[in-house]
Amino acid sequence: MHISVVEPLGISQEQFEALKSEFSAQGHTFSYFLDRKEDEATLVERMKEADVVVVSNIKLPASVMELCPNLKMLSVAFTGLDHIDLSYCQSHNILVKNAAGYSTTAVSELAVGLMIDLMRKITELDGTIRQGAGRGMFLGRELRNKTVGVIGTGAIGTATIKLLLAFGCKVLAWNRSEHQEAKSLGATYCSIEELLKQSDIVTLHVPLNESTKHLIGQEQLRLMKPTALLINTARGNVADIDAVAAALKEGLIAGAAFDVYESEPPLPSSHNLLSAPNCVCVPHVGFATREAFDIRANIVMDNVRNFVK
């Protein structure tokens, strides 16, 4: 089989050479690329001979895959699969495996970090001191004793619950089905409406699908406290971003932090969140830690190893 890793994956050339030697010894060919190109022509060029393709969050439509007649398996170096045309894969018997769990700690830590950033205005105050000013009358808020609503209690949501409880928070939870682990940790399940009404902070940890698209919209934002914060490290379209920007401008909620958007950054300068007050925006970095990338590489290549066997 021919295996093609179409982007760097955050691992070194030496690691790639070791993988190439491993698969070559088993009679397979192995190619890798140390730059990331997202245009369809380049993707086709890198994939056209491959039986197995490794890709992360680059959009992979049917128009690319239909020009790759040997394609049998996608090892996706990402948790979500909404950037892959799964219907095409299903109809053409292409196995798709994700890298579940690699960024659980990374994303949960960022979610809590963004909460603290908003409450202590770390990003804003960095600019203040660089402009030669001092604290003035600023007072921040503490995470301890706050009620945090966790929407989605899969692996990342549950990891976030553990961190929040360590900070001394009360945790409310919502999920399509209740998870015993979250309950045993001390989270209290309730309706999404009650969660939004009671929470000082709402953090999103659900996958993007038809049932979760714009799960948080204008109606839901109006249920939240005017002092509440919204954190999104899940998928951009889980929240109606235009509605969130409007809610911030109208003072319906006190702040928001986003790591994910309708499309991958960079964002246009006209993007609504960039002009919204009390909004911290980071360029989709929740999954991107050295530790997570090392775990991811192992999961992804183990998926390939199991398939070629």
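Helices (H or I, at least four residues) and strands (E, at least two) are DSSP runs, numbered from the N terminus. The model shown in these figures is predicted.

**Figure 1. Overview of the chain, with its 12 helices and 12 strands.** The C-alpha atoms fill a box of roughly 65 × 50 × 35 Å along the principal axes. For 309 residues, a compact globule would have a radius of gyration near 19 Å, and the 21 Å of this chain agrees with that. Buried residues account for 47% of the 309 residues. Of the contacts between residues at least 6 apart in sequence, 60% join residues at least 24 apart. The chain exposes about 14,600 Å², of which carbon and sulfur atoms supply 51%. The chain carries 29 positive and 35 negative charges, and the mean positions of the two sets lie 6 Å apart.

**Figure 2. Close-up of helix H11, residues 241-250, and its surroundings.** The buried residues of this helix are Ile241, Ala243, Val244, Ala245, Ala247 and Leu248. Their cover includes helix H10 (218-221) together with strands E10 (229-232), E11 (255-258) and E12 (279-281). At the start of H11, a side-chain oxygen of aspartate 240 comes to within 3.3 Å of the backbone nitrogen of aspartate 242. Glycine 251 follows the helix and has a positive phi, near 80°.

**Figure 3. Close-up of the cis peptide bond between proline 265 and proline 266.** Omega of this bond is near 10°. Proline 266 belongs to the loop between E11 and E12. Those two strands, at residues 255-258 and 279-281, are also among the elements that cover the buried residues of H11.

**Figure 4. Close-up of leucine 9, a residue other than glycine with a positive phi.** The phi value is near 65°. Leucine 9 is located in the loop that runs between strand E1 (2-5) and helix H1 (13-25). The relative accessible area of leucine 9 is 6%; buried means under 20%, so leucine 9 is buried.

**Figure 5. Close-up of histidine 214, where phi is again positive in a residue other than glycine.** Phi of histidine 214 is near 55°. The residue is found in the loop between strand E9 (201-204) and H10. Histidine 214 has a relative accessible area of 35%, and it is therefore partly exposed, a class that lies between the 20% limit for buried and the 50% limit for exposed.

**Figure 6. Close-up of asparagine 57 in the loop between strand E3 (52-55) and helix H3 (62-65).** With a relative accessibility of 11%, asparagine 57 counts as buried. Leaving aside residues up to four places away in sequence, asparagine 57 touches Glu7, Arg36, Phe78, His83, Glu264 and His284. The side chain of asparagine 57 also makes a polar contact with the side chain of serine 56, at 3.1 Å. Glycine 136 lies 79 residues from asparagine 57 along the chain, and the C-alpha atoms of the two residues are separated by 43 Å.

Definitions and conventions
Residues numbered from 1 in each chain as written. Predicted model: local features only at pLDDT ≥ 70, side-chain atom pairs only at ≥ 80, totals over all residues. Heavy atoms only, no water. Buried < 20%, exposed > 50% of the residue type's maximum accessible area, 1.4 Å probe, protein only. Contact = heavy atoms within 4.5 Å. Polar contact = N/O pair within 3.5 Å; in protein donor to acceptor, adjacent residues only side chain to side chain. Rg over C-alpha atoms; globule rule 2.2 N^0.38 Å. Areas by Shrake-Rupley, 256 points an atom, 1.4 Å probe, with all protein chains shown as cover. Lys, Arg positive; Asp, Glu negative; His and termini not counted. Charge placed at Lys NZ, Arg CZ, Asp CG, Glu CD.
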